[in-house]
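The following note sets out several points on the structure for a colleague's consideration. The points are numbered and may be read independently.

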Amino acid sequence: MLLFQGQQFVILPNSEGSYLGYLTRLIEKNGGHLISSVEDETGSGLATIDSSTIVLLNSSFVDENFNLIQENFLLRELRPFNISLWNFIKENNLKCIDIKDISIFIKNKKFDLNLVQLVNIEGHSVFKLNDGVTTVQTIKSEGTNNSSDEKILESKSESESESESESESESESESESESESESESESESESESESESESETDIEIDVNRKTKGNNDRIVNPLAKLARKYKVEGDTFRARSYNLAILSIDKYTLPITSGIQAQKEIPNIGPSIAKKIQRILDTGTLPGLEQASEQFDSLQYFSTCHGVGSETAKRWNSLKLDSFKDVLEKFPNEFAVEWPILFGWSYYEDWQKKIPRSVCAKYLQIVEDELFLLDPDFKVELQGSFNRGLPECGDLDLLFYKPGCDDLNVLCRTIEEIAIRLYKKSFVKCFLQLTEQIEKVFGNQVRERLAKIRLTENKPKKFNLAPRIKKALLGVQLQEPISIEPHNEIVELKDNDKFMSLSNEDTSKYDYCRRMDFFICKWSELGSSRIHFTGSSEYNRWMRLKAIEKGMKMTQHGLFKDDRLLESFNEKKIFELLDIEYVEPQLRNQVNKRQKK
DNA sequence: GGGCAGCGCAC
DNA sequence: GTGCGC
DNA sequence: GCCC
């Protein structure tokens with residue numbers, strides 16, 4: 001008797017892919033029947049589906065709590081007739097599981113739904129239209145077809161249902177995890193601020209993860225180490241830990257020994273294996289607590305925009321413990337690096353996550369202004385927004401103009417837009433200066449310098465860039481925000497609060513947000529979109545692929561021997577790299593080297 | 001033991 | 001070249 | 001830190 005004999009499955013969404021192909025072959029080899037949902041315009045999938053059919057969901061649409069996420073993206077990938085399929089699934093309450101759980105059945109040589117966790121698809125309704133929020137989403141189809149560069153407005157609002165922080169309760173279904181459900185709470189008291197804003201962390205990790213699965217107690221100390229190495233500037237080591245964590249997260253079986261982990265999980269080598277064993281034995285790692293004072297100091301400083309690990313280490317070794325302290329003893333630190341003053345001023349606001357629905361409002365304001373300046377210009381939200389994350393760390397805007405490769409035009413346009421928006425009080429601060437920007441914003445910098453009494457002896461002469469290819473800004477929406485449950489942030493010390501411009505009263509304005517303007521030549525649209533959409537880890541992976549093929553990939557294109565192969569057509573770049581094209585929302589996951 | 005993405009901007 | 005950020 |  002074959003494993004899946006007599007069992008019917010349907011895979012959603014219906015995209016092809018090598019991994020998917022592998023799984024389908026696996027299922028069929030084991031006697032399972034797959035309803036074809038791909039390329040099936042006849043609706044026969046709907047005809048053959050029945051209430052015992054198991055729905056296999058792509059892992060990207062399942063969160064750690066086994067809830068369906070990003071249903072709107074799922075729907076977008078379904079063809080029209082498959083929407084009815086989806087509705088059938090919901091109406092008849094078909095059992096849904098994460099597709100990767102297929103491997104659990106194979107491993108256990110048993111098809112038993114009790115081995116896995118069913119995915120909850122409740123709470124999502126097809127085409128729900130709540131609170132009238134419309135989300136602007138850019139369609140990224142590429143090629144010579146210019147009309148595909150238009151934006152469309154979707155009237156689907158985001159599935160906001162992933163409310164954070166209260167769902168601690170699903171772990172008991174993990175069959176053996178109850179016993180440690182309290183022991184982990186002591187090991188990890190602080191929740192981290194930076195989760196998926198790739199501007200802050202190299203790798204996007206949700207440190208506030210809610211699952212308290214078996215492997216979580218292992219992950220938390222490792223995450224601490226990753227953060228420790230990150231603030232110390234050891235980025236490669238920090239990245240290694242983060243990759244290990246992501247691999248552990250993907251590993252669905254319980255980890256019972258360090259050796260096992262090293263053998264079966266990629267990105268775990270001898271050192272981490274040893275630490276895992278230590279955690280399993282003692283529940284923690286030695287040295288995590290002692291190091292924490294230095295860690296706190298480094299983290300405190302480097303959370304500020306413009307302060308990196310080197311500066312943080314220097315200040316820490318000088319026994320400075322607050323920005324005010326730095327100011328009193330080494331005032332020059334701020335006079336030279338004036339952008340740090342704004343990092344200090346917006347220290348708290350800039351750590352707060354931006355909900356998707358709010359992102360669209362920010363885009364709208366820039367879009368409106370851009371249209372007045374030059375209706376042919378385009379602007380798109382890139383970054384984590386484009387990857388469909390429910391909240392973003394900052395806003396990445398890519399500007400371009402069809403047919404225009406003139407850097408001067410492009411540079412001048414973002415500068416002009418930023419200045420106009422500054423005059424409208426939308427832009428709150430610039431983090432670089434040009435001659436034009438200095439005219440409107442210079443006084444504001446001087447005001448900040450005066451605030452720390454640094455203007456008397458030096459009538460500051462700023463360095464002015466001739467032009468800017470990117471603009472780093474602080475922006476603020478002139479409207480109140482809805483209650484925003486934000487992650488815990490690092491708070492400014494009382495000593496340092498006098499500089500703060502962070503928003504205390506959200507009844508009138510949103511928080512100040514970080515917004516970045518980037519430009520790209522029309523001929524480089526595809527490679528720029530890949531670059532700015534990220535994630536940074538995805539970029540790394542792709543660029544490694546390029547290296548393997550003797551090519552080089554940058555935001556300006558794909559090159560071989562310094563000859564441009566492709567830069568305009570996004571899909572062509574994937575093709576040339578032998579990578580299957582994936583939509584932006586699937587570029588959150590890390591593609592990594594596999595352990596053989 | 002070398003590589004780990006590659007670039008822009010300020011200094 | 002270094003530091004920082006994207 | 002890990003991978004080759």
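In what order do the five strands of the open sheet with mixed pairing stand? The points below begin with that sheet; the model is a predicted one.

1. The open sheet of five strands has the order β8-β10-β13-β12-β11, and its pairing is mixed. Strands β8 (378–381) and β11 (427–430) are the edge strands, each of them pairing on one side only. Direction ignored, neighbouring strands of this sheet are turned against each other by 30 degrees on average.

2. At one edge of that sheet, β11 is joined to strand β12 (residues 470–476) by three bridges, and the two strands run antiparallel. Within this pairing, Val427 stands opposite Val475 in β12. A helix also packs on the sheet: α20 (residues 525–533) touches β8, β10 (395–400) and β13 (512–519). The direction of α20 makes about 175 degrees with that of β10.

3. A second open sheet consists of three strands in the order β14-β15-β16, with antiparallel pairing. Strands β14 (551–554) and β16 (563–566) have a single partner strand each and stand at the edges, so one side of each is left without a neighbour in the sheet. From one strand to the next, the twist averages 35 degrees.

4. The pairings within the three-stranded sheet can be described residue by residue. Four bridges join β14 to β15, and these strands run antiparallel. Met553 has Leu558 in β15 as its bridge partner. The two strands form a hairpin, with two residues between β14 and β15. On the other side of the pairing scheme, strand β15 (residues 557–560) is joined to β16 by three bridges, again in an antiparallel run. Here Phe559 has Leu564 in β16 as its bridge partner. Helix α21 (residues 536–548) packs on this sheet and touches β14 and β15; the direction of α21 makes about 155 degrees with that of β14.

5. Lys275 deserves a separate point. UniProt, in an unreviewed entry, places the feature "active site" at Lys275. The residue lies in helix α10 (residues 270–282). Is Lys275 buried or partly exposed? Its relative accessible area is 22%, and Lys275 is therefore partly exposed, given that buried means under 20%. Residues up to four places away in sequence not counted, Lys275 touches Leu225, Tyr241 and Leu285.

6. Two of these contacts can be placed in the helices that meet α10. Two packed helices are described by the angle between their axes and the distance between the axes. For helix α7 (residues 216–231) and α10, the axes come within 10 Å and cross at roughly 125 degrees. This angle makes α7 oblique to α10. The crossing in which α7 passes α10 is right-handed. From α7, Arg217, Ile218, Pro221, Leu222 and Leu225 take part, and they meet Ile272, Lys275, Ile276, Ile279 and Leu280 in α10.

7. Helix α8 (residues 235–250) also meets α10: the two axes come within 11 Å and cross at roughly 60 degrees. With that angle, α8 is oblique to α10. The crossing of α8 and α10 is right-handed. Ser240, Tyr241, Ala244 and Ile248 in α8 meet Ile272, Lys275 and Ile276 in α10. Lys275 thus appears in the contacts of α10 with α7 and in those of α10 with α8.

8. Glu438 may be considered next. The residue belongs to helix α19 (residues 435–451). Glu438 counts as buried because its relative accessibility is 19%, the limit for buried being under 20%. Neighbours within four places in sequence left aside, Glu438 is in contact with Leu433, Arg446, Phe462 and Leu464.

9. Finally, some totals for the chain may be noted. The secondary structure of chain A comprises 22 helices and 16 strands. Chain A has 596 residues, of which 54% count as buried. Among contacts in chain A with a separation of 6 or more, 72% are accounted for by residues 24 or more positions apart.

How values were computed: Residues numbered from 1 in each chain as written. Chains lettered and ligands numbered in written order. Predicted model: local features only at pLDDT ≥ 70, side-chain atom pairs only at ≥ 80, totals over all residues. Heavy atoms only, no water. Pairing = 2+ DSSP bridges. Axes fitted to C-alpha atoms, helices over the stretch in contact; angles between N-to-C directions. Contact = heavy atoms within 4.5 Å. Buried < 20%, exposed > 50% of the residue type's maximum accessible area, 1.4 Å probe, protein only. UniProt positions renumbered as here; feature names shortened; annotations may be inferred. Parallel < 35°, antiparallel > 145°, perpendicular 65-115°, else oblique. Left-handed = near helix turned anticlockwise from the far one by under 90°.
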